[in-house]
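Here is a friendly note to read alongside the structure if you are seeing it for the first time. Please keep the viewer open and look up each element as it comes along.

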Amino acid sequence: MNKEELNNLLKKGRALLHYNVSTFEQFKAGIEAVKETKIPLIIGVSEGERNYFGINYIEDLIDEAKEQGIKVFLNADHCKSINSAKEAIDYKFDFVLFDGSELNLQENILRTKKVVEYRNKKNKNTLIEGEIGYLTGHSDIEGIIELKEEYFTDPEIAEEFVKKTKVDLLAISVGNVHGIPKGVKIKGKLVEKPKLDFKRIKEIKEKVKVPLVLHGGSGLNKKDYLKAIENGISIIHINTEFRNIWKKELEKSLKKESIVPYKILNPVVKKITKKIIFYQKLFWLG
Ligand SMILES: [Zn+2]
């Protein structure tokens, strides 16, 4: 995917769903969903997920789907090292997220820039996403998460970051968290669910011209998603919710007598497919 292709794609709808896979049935669910909706979909693999799946195997599966005319794209989610980002560029992923958000700003800029330069040299058809502001939590079951003011993306710093690194997309921290926490502490106050700072999304969007990515979308409500899109979000990541469905459905299915893997796994695929379709339609059509 190159910049022009992404811009053209984003003109056709409102926002894209990104979800993660580490098993074949999760991948299959995405393919089934796109066959039905005809809405483009981004499939992500984190470092752990692609190590488990095999980076070459997932890339081949996505390529094969593309050849069949199915609109799926592959993202190397949260590359923490320059080397893992380079590897995904070499494998011609559509997107690579270099996540330097835990580094200080100068180091984040420096390393992200190196990834962009490598891409420029090696393969123009991979888009680079940078991350600025700190995203807490991880895509698993969580307890209470604390959100501090300093975690949030500063619009001016976002502008400086994009200008200096020349990233194609930007992941921001605006009250979103990875995972589905049991509660969120914001400025010392405990609330039930993460609360998005829509005003901040809008301010960032006005400062940077690249598409904005919202990570940690699991557990928000319909209104939040639509408002986030309205204020400038182009891609929404949902992971934990799909992992939950995967586990729950698998447990249910395993209770049946069968030992035939495809009979056990098919209900899992169906349930995930249904949820992907739901989010795709919500994000893309509004
Ligand atoms: Zn993420």
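The points below go through the sheets, then some helices, then a few single residues.

1. **Before you start.** Please bear in mind that this is a predicted model. Everything said below is read from that prediction.

2. **The barrel.** A good place to begin is the closed barrel, which has eight strands in the order β1-β2-β3-β4-β5-β7-β10-β11. The pairing in the barrel is parallel. On average, neighbouring strands of this sheet are turned by 25 degrees against each other, with direction ignored.

3. **One pair inside the barrel.** To see the pairing in detail, pick strand β3 (residues 72-79) and strand β4 (residues 95-98), which run parallel and are joined by three bridges. Which residue of β4 stands opposite asparagine 75? That place is taken by phenylalanine 95.

4. **The open sheet.** There is also an open sheet of three strands, ordered β6-β8-β9, and here the pairing is mixed. β6 (144-147) and β9 (189-191) each have a single partner strand and stand at the edges, so one side of each has no neighbour in the sheet. From one strand to the next, the twist averages 25 degrees.

5. **β6 with β8.** Strand β8 (residues 183-186) pairs with β6 in the parallel sense, over four bridges. Two positions help you find the register: isoleucine 144 has glycine 183 of β8 as its bridge partner, and glutamate 146 stands opposite lysine 185 of β8.

6. **The two faces of β6.** In a regular strand, side chains alternate between the two faces of the sheet. β6 shows such an alternation: Ile145 and Leu147 point to one face and are buried, whereas Ile144 and Glu146 point to the other face and are not buried.

7. **A closer look at isoleucine 145.** This residue of strand β6 deserves a stop of its own. Why does isoleucine 145 count as buried? Because isoleucine 145 has 20 C-beta neighbours inside 10 Å, and 20 or more is the cut-off for a buried residue. Leaving out residues up to four places away in sequence, isoleucine 145 touches Thr136, Gly137, Val177, Pro181 and Val184. Lysine 121 is 24 residues from isoleucine 145 along the chain, and the C-alpha atoms of the two are separated by 40 Å.

8. **Helix α7.** Now turn to helix α7 (residues 155-165), whose buried residues are Ala158, Phe161, Val162 and Thr165. They lie on the same side of α7, because they cover an arc of only 95 degrees around the axis. The spacing has a simple background: an α-helix has 3.6 residues a turn, so residues three or four places apart point the same way. Glu156 and Lys163, on the other side of α7, are exposed. The buried residues of α7 pack against α6 (105-122), β5 (127-132), β7 (169-172) and α8 (198-207).

9. **Helix α8.** Which residues of α8 are buried? They are Arg200, Ile201, Ile204 and Lys205. Viewed down the axis of α8, these buried residues fall within an arc of 135 degrees, so they line one face of the helix. Lys199 and Glu206 are exposed on the other side of α8. The cover over the buried residues of α8 includes α7, β7, β10 (212-214), α9 (222-230) and β11 (233-238).

10. **α10 and α11.** How do helix α10 (residues 240-254) and helix α11 (residues 261-285) lie against each other? Their axes come within 8 Å and cross at roughly 150 degrees. The two helices are therefore roughly antiparallel to each other, and their crossing is right-handed. On the α10 side, the residues in contact include Phe242, Ile245, Trp246 and Leu250. On the α11 side, they include Ile264, Pro267, Val268 and Ile272.

11. **Two lysines with positive phi.** Lysine 92 has a phi near 60 degrees, a positive value in a residue other than glycine. Lysine 92 sits in the loop between α5 (82-90) and β4, and is partly exposed with 15 other C-beta atoms within 10 Å. Lysine 166 also has a positive phi, near 60 degrees, and lies in the loop between α7 and β7. With 15 C-beta neighbours inside 10 Å, lysine 166 too is partly exposed.

Key: Residues numbered from 1 in each chain as written. Predicted model: local features only at pLDDT ≥ 70, side-chain atom pairs only at ≥ 80, totals over all residues. Buried ≥ 20, exposed ≤ 12 C-beta atoms within 10 Å, placed from the backbone. Arc of directions from axis to C-beta. Contact = placed C-beta atoms within 7 Å. Pairing = 2+ DSSP bridges. Axes fitted to C-alpha atoms, helices over the stretch in contact; angles between N-to-C directions. Parallel < 35°, antiparallel > 145°, perpendicular 65-115°, else oblique. Left-handed = near helix turned anticlockwise from the far one by under 90°.
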